[in-house]
Amino acid sequence: MIDFVVYLVVILAAVLIPAVYFLRYRAQQTRARRRQAAAAASGLTEPVSLHPRIDPDRCICSGGCITACPEGGIIGILGSHAELVSPTKCIGHGACMDACPVEAITLVFGTATRGVDIPYVTKTFETNVPGIYIAGELGGMGLIRNAVTQGREAVEYLARDLGPRRGEGPDLVIVGAGPAGLAAALQAKKERLRALVLEQGDGVGGTILSYPRQKLVMTQPMEIPLHGTFSRREVRKEELAELWDGIARTHGIEVRAREQALAVTSKNGGHVVTTPSGTYATPRVLLAIGRRGTPRTLGVPGEHASKVVYKLLEPEQYRGKRLLVVGGGDSAVEAAVTLAEEKGTRVSVSYRKAVFSRIKDGNRERIERAEAAGRVALYLESEVESISPGSVTLRRKDGTVVLENDYVFVLIGGELPTGFLQTMGVRMEKKFGTR
């Protein structure tokens, strides 16, 4: 009798386990197809940053990439392999690549239809100009965690290549004091290199300092050289800036604020960095600057008026005003929602496309809620035609719209500092779905 029960249990297990696995697999496929169809219906089919490319011939459908993704719902199993089902939600964490047991995933820039300009760098972050390295956003790594990792690794590589030095002057000049630049400076101290940090802004933090007050910054756990693990996933701008500043003070990292690198020239096997304050000779240069360069403009009549601004720092000063935000990226959407929360504001958004295809999922939900609540008016598929003292004229397919207006926020990104890079000989590459 006991043997019969044991056999029955074994048979049931042999039947039920595959059945449960099959039903779970079918449910995953159904969810993935729904997400993919929803993305296609909304026109959200193009990833906007570094993203995974999945080799269908190597994929074994382990599902590790799906569970490893911090954002969730970006990758799904369709048929015999995994695919991107919600491409625009991907922000380039790279956890999916690390989780794949058969190395079927690589991280790439751009797509077959949308090229992305990226400076050429080797696996050690060195450009085609020997001794000049790039880390962080300029090289396509916009996430804070990724920028910190690149800053640390770049210095590890160049320190190994540089070897011991006895000369005067800095061993390394770091241009930019954002996450990548600060991590590089900390790693340089760990490697006992003399590093000079130049920052054209007001201090440690880089682009973070230009965020609106109390902006919520999304982060991932990261290892900061000499400091250790930072594990918070959500932090306010002020808290993060205070963290960076505190780490720099604790470890004696001096940043020369408001000193912009104007040029980098090669000389005698090394490089000379020129700033308004002088020149610095060094064998190694690490560029940890952003991709924005100078703000991109509209090129329309009236744009040079004082009412037109290119960043939002103090939302409360615009209370009771009629405001137009131009742009469709995360910065524009976040600015619009933040301004709409101020008392008495009337906020409109002008975006040239039919959908917000370049924003994080959380921001998409926030702008949709703001529109539904009547706090933000969206003018999709529109462009600014002209700006006047008390109004703005938008051009749409069905004619023009004149909005009463006090301030215009132009948040359409910045110009890649291509000219700056080209003067030092750094080669640019356009990536169409390649690394």
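A search of the whole structure turns up four aromatic pairs, where rings of Phe, Tyr and Trp (its six-membered ring) pair if their centres lie within 6.5 Å, and planes under 30 degrees apart count as stacked, over 60 as edge-to-face and the rest as tilted. Before we look at them, note that this is a predicted model, in which local features need pLDDT of at least 70 and side-chain atom pairs count only at pLDDT 80 or more, while totals for chains, interfaces and linings use all residues. Residues are numbered from 1 along each chain as its sequence is written, and side-chain values use heavy atoms, with hydrogens and water left out.

Here are two of the pairs, including their geometry.

| Ring pair | Centre distance | Plane angle | Class |
|---|---|---|---|
| Tyr318 and Tyr407 | 5.0 Å | 80 degrees | edge-to-face |
| Tyr351 and Phe356 | 5.4 Å | 5 degrees | stacked |

Tyr318 sits in the loop between strand S19 (308-309) and S20, and Tyr407 in strand S26, so their pair ties together parts that are 89 residues apart in sequence. Helices (H or I, at least four residues) and strands (E, at least two) are DSSP runs, numbered from the N terminus. Ring pairs also bring in Phe409, giving a cluster of Tyr318, Tyr407 and Phe409.

How covered are these rings? Buried means under 20% relative accessible area, exposed over 50%, and partly exposed in between (1.4 Å probe, protein chains only). Tyr318 is buried at 6%, whereas Tyr407 is partly exposed at 27%. In the stacked pair, Tyr351 is buried at 4% and Phe356 is buried at 7%.

Strand S26 also helps to cover a helix. Helix H7 (residues 330-340) has 10 of its 11 residues buried, among them Asp330, Glu334 and Thr338. What covers those buried residues includes strands S20 (322-326), S21 (346-351), S22 (376-380) and S26 (407-410), along with helix H8 (361-372); contact here means heavy atoms within 4.5 Å.

Next comes a hairpin. Strands S14 (residues 263-267) and S15 (residues 270-275) run antiparallel and are joined by five bridges; two strands pair if DSSP finds at least two bridges between them. Lys267 stands opposite Gly270 in S15. Two residues lie between the strands, and Asn268 takes a positive phi near 55 degrees.

One last ring to visit is Tyr120: Arg427 lies over its face, 4.3 Å from the ring centre. A charge sits over a ring if NZ of Lys or CZ of Arg is within 6 Å of the ring centre and within 35 degrees of the ring normal.
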